[in-house]
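Student: I'm new to this one. Could you take me through the place where the ligand sits, step by step?

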Amino acid sequence: MRVGILGAGQMAGALGAGWTEAGHDVLLGARAVGKAVGLAEAIAGEQFGAAGSASADGGAGGTIRGGTLREAAEFGEVLLLAVPAAAVAEALAAAGAADKILDDRVLVDCTNAFAPDQAAKEGTMAFVLSEDALAERIAALAPGAHVVKAFNLCAAEVWQSGTRIFEDRRLAVPLCGDDPDAVLRVAALVSDLGLAPIHAGGLGRARYLEAASAFVVSLWFAGEDARAMFPPLEAAFAVPDAGECSR
Ligand SMILES: NC(=O)c1ccc[n+]([C@@H]2O[C@H](COP(=O)([O-])OP(=O)(O)OC[C@H]3O[C@@H](n4cnc5c(N)ncnc54)[C@H](OP(=O)(O)O)[C@@H]3O)[C@@H](O)[C@H]2O)c1
């Protein structure tokens, strides 16, 4: 698949490297082209030993190169938006939203609108959201694109790491999007990274995923094991539902 990435920071590098390794062709786009080219060369060098080229031994690797935001948008059948929340409008405009470049593209939204929680105890790091429904705003800024929220729950380092199984369970990636074909394409990209896609409803549910991220990441920064809060599925409703509630 051809993947265009809008941004050349941590998330762009982590996911772009994984998709290249999985055999996809990636174009990283940034407002500072040199940064995108440098990151692409670093990833290609690590994976293939030669900048921007497919694996020298004819293996399964794809290609990766850098360019402008517009070039990334024109290149990708699927696009990843990987810029700060405050920059989404500017990045989508530079990618060509007004010229309909994003129309019919699958637009993967990994963004979070984190802001420091001013009410948190001094010396602790916790987050609130600077806006409640970022994915919906992105969809409004790129009305012809099929937006799918994904990858916003875990740190870039997690996506970059090769570890996919924790306590015998494959790490899952919830997906929220309205277009079934777009969600399927993103699910395939999730699987290609060795992760497990979970279909988590329409784009209207992405705001809950964004809130969950702020909540869980704040727990992690406080040193709490957020995973310990949840029972496994089979114990999620401890009393089997007999169709009638006695309480
Ligand atoms: N890092 C994580 O662990 C993580 C995890 C989950 C979700 N996220 C979310 O993913 C998104 C990207 O995070 P990141 O950590 O990859 O950020 P990052 O490392 O800071 O990279 C951000 C990228 O956005 C570009 N950018 C900033 N302002 C821009 C503008 N006005 N127009 C065009 N491009 C602009 C930057 O370009 P310049 O270099 O030119 O500034 C850079 O390429 C954020 O919304 C973040 O909340 C991050």
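Tutor: Sure, let's start with what lies around the ligand. Keep in mind that this is a predicted model. There are 23 residues surrounding the ligand, and the closest of them are Ala8, Met11, Lys35, Val83 and Ala156. If you sort the shell by residue type, you get 14 nonpolar residues, six polar ones and three charged ones. Two helices are worth finding on your screen: α1, covering 10-21, and α4, covering 88-95, each give the shell at least two residues.

Now zoom in on the polar contacts. At methionine 11, a backbone N or O atom sits 2.8 Å from an oxygen atom of the ligand. Over at alanine 156, a polar backbone atom is 2.8 Å from a ligand oxygen. Glutamate 90 joins in with its side chain: an N or O atom there is 3.2 Å from a nitrogen atom of the ligand. As for how covered the ligand is, on its own it would expose 900 Å², and the protein buries 78% of that. The space the ligand takes up is the second largest pocket.

Finally, zoom back out to see the whole protein around that pocket. It has eight helices and twelve strands, and its C-alpha atoms fill a box of roughly 65 × 45 × 40 Å along the principal axes. The radius of gyration is 19 Å, which agrees with a compact globule, because one with 247 residues would come out near 18 Å.

Note on methods
Residues numbered from 1 in each chain as written. Predicted model: local features only at pLDDT ≥ 70, side-chain atom pairs only at ≥ 80, totals over all residues. Heavy atoms only, no water. Near = heavy atom within 4 Å. Polar contact = N/O pair within 3.5 Å; in protein donor to acceptor, adjacent residues only side chain to side chain. Areas by Shrake-Rupley, 256 points an atom, 1.4 Å probe, with all protein chains shown as cover. 1 Å grid on protein atoms, 1.4 Å probe; cavity = no way out; pocket = protein on both sides within 12 Å on 5 of 7 lines; lining within 4 Å. Sits in = over half its atoms within 2 Å of the grid points. Helix = DSSP H or I, 4+ residues; strand = E, 2+ residues; numbered from the N terminus. Nonpolar A, V, L, I, M, F, W, Y, C, P; charged D, E, K, R; others polar. Rg over C-alpha atoms; globule rule 2.2 N^0.38 Å.
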